[in-house]
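Open the model in your viewer and show side chains as sticks. This tour goes through the salt bridges one stop at a time.

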Amino acid sequence: MPNLAEKLFVLSGYLKSHDIKQQEVADVLNKTLTTANRKIRGKIPFTVKEIQLLHDQLDVPILIFFES
């Protein structure tokens, strides 16, 4: 089962491979770039609402956050 760091590595890789910038994540979440970066690096958890927003607006697969 992947741990949080591995899941976030998958998230970071997904964003990079789909040319999604951290600023785009920040804009979707209505957060600062610093806060978005901290969330992507696992320093601050994503809320369920934020995960849904990323899925709906940037097509980020929800399983990246919940895969076991």
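Which residue forms a salt bridge with D19? Select K21: the closest N and O atoms of D19 and K21 are 2.9 Å apart. The model is a predicted one, and it holds three salt bridges.

Stay on this pair and switch on the surface. D19 has a relative accessibility of 51% and therefore counts as exposed, because the class begins over 50%. K21 has a relative accessible area of 47% and is partly exposed.

Next, select K31 and E50. Their side chains form a salt bridge, with an N to O distance of 4.0 Å. K31 sits in the loop between α2 (22–29) and α3 (33–40), whereas E50 belongs to helix α4 (residues 48–58), so this salt bridge ties together parts that are 19 residues apart in sequence. With a relative accessibility of 36%, K31 is partly exposed. E50, at a relative accessible area of 7%, is buried.

Keep E50 selected and add K39. E50 and K39 also form a salt bridge, and here the closest N and O atoms are 2.7 Å apart. This pair links distant parts of the chain, since E50 is in helix α4 and K39 in helix α3, eleven residues apart. Are E50 and K39 buried or exposed? Both are buried.

For the last stop, display K31, K39 and E50 together. A network of salt bridges links these three residues. E50 pairs with K31 and with K39.

Conventions: Residues are numbered from 1 along each chain as its sequence is written. This is a predicted model: local features need pLDDT of at least 70, side-chain atom pairs count only at pLDDT 80 or more; totals for chains, interfaces and linings use all residues. Side-chain values use heavy atoms; hydrogens and water are left out. Buried means under 20% relative accessible area, exposed over 50%, partly exposed in between (1.4 Å probe, protein chains only). Helices (H or I, at least four residues) and strands (E, at least two) are DSSP runs, numbered from the N terminus.
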